[in-house]
Amino acid sequence: MSKKIITLVAAGLLLSGIVYAKFDNPGGIGGLESLRGITEIEDTRPADEMKKYPKEQVLGSDYIYQPPLIPHSIRNYEVSLNANKCLSCHSWKNAEEMKATKISVTHFVNREDAVLADVSPRRYFCLQCHVPQASAEALVENEFKRVDSLR
Ligand code: HEC
Ligand code: HEC
C-alpha cells in the first residue's frame, strides 16, 4: 500500500470514529444533526415555538428586485391546483376591494417574455418567492448587508 492510501484510510477511520462518538446511542439507530439540533431518528422532536408575524412594521427590501416579504399571517391560505387564496386579495380584480397590493406586471410574464392575460404559471405558487416576515433568529451567522442604493 502506498503512503497516500494509508493516510486516507487512517483519516477515514478517524472521521467515522468522531461521527460514531457523537451519536453513540446503544440500542438506538443513530441520530441526525441539523440546524435545529440533534434528534434521534426514532424520536419526534418537539415543535418550535410558533413565530410571531409583526404586522405593525413592514420590512423594506434589502436588494433590488427582492420579492417583498409578506406582512401578514398566511396560516391556512391554500395555494393548490384548485385554489389560490393569495389571489383572492392580490389579483388585479380583487386588490382594490381587499385593500391589498396588486401583483405587479412581472407576474403576468411567461418565460418566453410574453405578457399573459392572467397570472403566469411560473408566478402561481407565491410562496416559492414570498415568505412571511417573522421574528426569527438567523440560522447561520452572516454578514449580509442591504445594498447601498436602498440604505
Ligand atoms: C384577506 C386578504 C389577503 C390574503 C388572502 C393575502 N393577502 Fe397579502 N396582503 C394583504 C393586504 C391587505 C396587504 C397590505 C399590507 C397589510 O395591510 O398587511 C398585503 C400585503 C402583502 C405583501 C406585501 C406587498 C408589498 O408591496 O410589500 C405580499 C408580498 C403579500 N401580501 C403576499 C401574499 C401571499 C403570498 C398570500 C398568500 C399566501 C397573501 N398575500 C394572501 C391581503 C391579503
Ligand atoms: C418567481 C418569484 C415570484 C413568485 C412565484 C411570485 N412573486 Fe410576487 N414578486 C416577486 C418579485 C421579484 C417582486 C418584486 C418585483 C416586482 O414587482 O416584480 C414581487 C412583487 C410582488 C408584490 C408587490 C407588487 C408591488 O407593486 O409592489 C405582490 C403584492 C406580490 N408580488 C404578490 C404575489 C402573489 C400573490 C403571488 C402568487 C400569485 C406572487 N407574488 C408570486 C416574485 C415572485
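Which residues are the closest to ligand 1 among those that surround it? They are His72, Cys86, Cys89, His90 and Lys99, out of 17 residues that surround ligand 1. The structure is a predicted model, and the protein chain in it holds 3 helices and 2 strands. Along the sequence these elements follow the pattern α-β-β-α-α, and buried residues account for 15% of the 151 residues in the protein chain. The points below take up the two iron sites in turn, and then a few individual residues.

**The iron site of ligand 1**

- The iron atom of ligand 1 has two protein donors, the NE2 atom of His72 and the NE2 atom of His90, which lie 2.0 Å from the iron.
- The site of this iron atom is octahedral, with 6 donor atoms and angles of 87 to 179° among them.
- His72 belongs to the loop between strand E2 (37–40) and helix H2 (87–90), whereas His90 belongs to helix H2 itself, so the pair ties together parts that are 18 residues apart in sequence.
- His72 has a relative accessible area of 26% and is therefore partly exposed, since that value falls between the limits of 20% and 50%.
- His90, with a relative accessible area of 23%, is likewise partly exposed.
- In addition to the iron donors, the side chain of His72 has an N or O atom 2.8 Å from a nitrogen atom of ligand 1, and the side chain of His90 also has an N or O atom 2.8 Å from a nitrogen atom of ligand 1.
- Ligand 1 sits in the largest pocket.

**The iron site of ligand 2**

- For the iron atom of ligand 2, the protein donors are the NE2 atoms of His107 and His130, lying 2.0 Å from the iron.
- The site of the iron atom of ligand 2 is octahedral, and the angles among its 6 donor atoms run from 89 to 179°.
- His107 and His130 both lie in the segment after helix H3 (95–98), and with their positions 23 residues apart in sequence the pair links distant parts of the chain.
- Both of these histidines, His107 and His130, are buried.
- Ligand 2 has 21 residues around it, and those that come nearest are Thr106, His107, Cys126, Cys129 and His130.
- Two polar side-chain atoms lie by oxygen atoms of ligand 2, one from Ser104 at 2.6 Å from an oxygen atom of the ligand, and one from Thr106 at 2.5 Å from an oxygen atom of the ligand.
- The side chain of His130 has an N or O atom that is 2.8 Å from a nitrogen atom of ligand 2.
- Ligand 2 sits in the largest pocket, as ligand 1 does.

**Asn84 and its backbone contacts**

- Asn84 is found in the loop between E2 and H2, and its relative accessible area of 12% is under the 20% limit, which means that Asn84 counts as buried.
- The side chain of Asn84 reaches the backbone nitrogen of Cys86 at 3.0 Å, and Cys86 is itself one of the residues closest to ligand 1.
- The side chain of Asn84 also reaches the backbone oxygen of Tyr124, again at 3.0 Å.

**Residues with a positive phi**

- Most residues other than glycine have a negative phi.
- Tyr65, although it is not a glycine, has a positive phi of about 70°; this residue is found in the loop between E2 and H2.
- With a relative accessibility of 62%, which is over the 50% limit, Tyr65 counts as exposed.
- Asp113 is not a glycine either, and has a positive phi of about 70°; Asp113 is found in the segment after H3.
- The relative accessible area of Asp113 is 62%, so Asp113 is exposed.

**Glu56 in the loop between E2 and H2**

- Glu56 is found in the loop between E2 and H2, and at 71% relative accessibility Glu56 counts as exposed.
- The C-alpha atoms of Glu56 and Pro71 are separated by 8.4 Å, the two residues being 15 residues apart along the chain.

Terms used. Residues are numbered from 1 along each chain as its sequence is written. Chains are lettered from A and ligands numbered from 1 in the order in which they are written. This is a predicted model: local features need pLDDT of at least 70, side-chain atom pairs count only at pLDDT 80 or more; totals for chains, interfaces and linings use all residues. Side-chain values use heavy atoms; hydrogens and water are left out. Donors are N, O and S atoms within 2.8 Å of the metal (3.2 Å for Na, K and Ca); water is not among the atoms, so sites may look incomplete. Four donors count as tetrahedral if all angles lie between 85 and 135 degrees; four count as square planar and six as octahedral if opposite donors are over 155 degrees apart and all others between 65 and 115; anything else is irregular. Helices (H or I, at least four residues) and strands (E, at least two) are DSSP runs, numbered from the N terminus. Buried means under 20% relative accessible area, exposed over 50%, partly exposed in between (1.4 Å probe, protein chains only). A residue is near a molecule or strand if one of its heavy atoms lies within 4 Å of it. A polar contact is a pair of N or O atoms within 3.5 Å; within protein, one must be able to donate a hydrogen and the other to accept it, and residues adjacent in sequence count only if both atoms are side-chain atoms. On a 1 Å grid over the protein atoms alone, a cavity is a set of points where a 1.4 Å probe fits but cannot get out, and a pocket is an open set with protein on both sides within 12 Å along at least five of seven lines; lining residues have an atom within 4 Å of a point. A molecule sits in a cavity or pocket if more than half of its atoms lie within 2 Å of its grid points.
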